[in-house]
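User: I'm new to this structure and would like to understand the words used to describe it. Could you take me through the reasoning?

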Amino acid sequence: VQLQASGGGLVQAGGSLRLSCAASGSIGSINSMQWYRQAPGKQRGLVAQITTTGSTNYADSVKGRFTISGDNVMNMMYLEMHSLKPEDKAVYYCLAHTYTTRLGQQQVWGRGTQVTVSS
């Protein structure tokens, strides 16, 4: 599985952005996908998660402002971000959890996309 994140950019506080994560390769092995973010000097943290059943989960800091979605074959994953705050500034990464009988459980990271929110 390979992941490609896109959609980051510069936005004013209160604005919106939509991040995309395109998965390729053995997408049938994907069990769930997540968005993480890492701000300068901070650890990478979970933002949102979606499973193949459509179940979603969010960090408290983004609940009500961010929405994660994906197609039902885990080919694409999105993160709609609204009411952005300066503290949302970070590099955003997508992560896929996969399982195959040959390799077992694996995690695949995509390259990050920068989100900058100006105050």
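Analyst: Happy to! Let's begin with a cut-off: a residue counts as buried under 20% relative accessible area, as exposed over 50%, and as partly exposed in between. Please keep in mind that this is a predicted model.

User: Why is Tyr 93 called buried?

Analyst: Tyr 93 has a relative accessible area of 16%. Buried means under 20%, so Tyr 93 is buried.

User: And Tyr 36, is that residue buried or exposed?

Analyst: The relative accessibility of Tyr 36 is 18%. The cut-off is under 20%, so Tyr 36 counts as buried.

User: What makes Trp 109 partly exposed?

Analyst: Trp 109 has 35% relative accessibility. The class between 20% and 50% is partly exposed, so that is the label for Trp 109.

User: How do you know that Tyr 36 and Trp 109 form an aromatic pair?

Analyst: Their rings are 5.1 Å centre to centre, and rings pair if their centres lie within 6.5 Å. The planes are at 65°, and angles over 60 degrees count as edge-to-face, so this pair is edge-to-face.

User: Why is this pair said to tie parts of the chain together?

Analyst: Tyr 36 sits in strand β4 (residues 30-38), while Trp 109 sits in strand β10 (residues 104-109). The pair therefore ties together parts that are 73 residues apart in sequence.

User: Why is the pair of Tyr 93 and Trp 109 called edge-to-face?

Analyst: The ring centres are 6.3 Å apart, and the limit for a pair is within 6.5 Å. The planes stand at 90° and the class needs over 60 degrees, so the pair is edge-to-face. Tyr 93 belongs to strand β9 (residues 90-100) and Trp 109 to strand β10, 16 residues apart.

User: Which residues do the ring pairs link into a cluster?

Analyst: The cluster consists of Tyr 36, Tyr 93 and Trp 109. The structure holds two aromatic pairs.

User: What is the secondary structure of the protein chain?

Analyst: The protein chain has 11 strands and zero helices.

User: What makes the protein chain as compact as a globular protein of that length?

Analyst: Its radius of gyration is 14 Å, and the globule rule gives 14 Å for 119 residues. The two values are close, so the protein chain is as compact as a globular protein of that length. Of the 119 residues, 41% are buried.

Technical notes: Residues numbered from 1 in each chain as written. Predicted model: local features only at pLDDT ≥ 70, side-chain atom pairs only at ≥ 80, totals over all residues. Heavy atoms only, no water. Helix = DSSP H or I, 4+ residues; strand = E, 2+ residues; numbered from the N terminus. Rg over C-alpha atoms; globule rule 2.2 N^0.38 Å. Buried < 20%, exposed > 50% of the residue type's maximum accessible area, 1.4 Å probe, protein only. Phe/Tyr/Trp six-rings, centres within 6.5 Å; stacked < 30°, edge-to-face > 60°.
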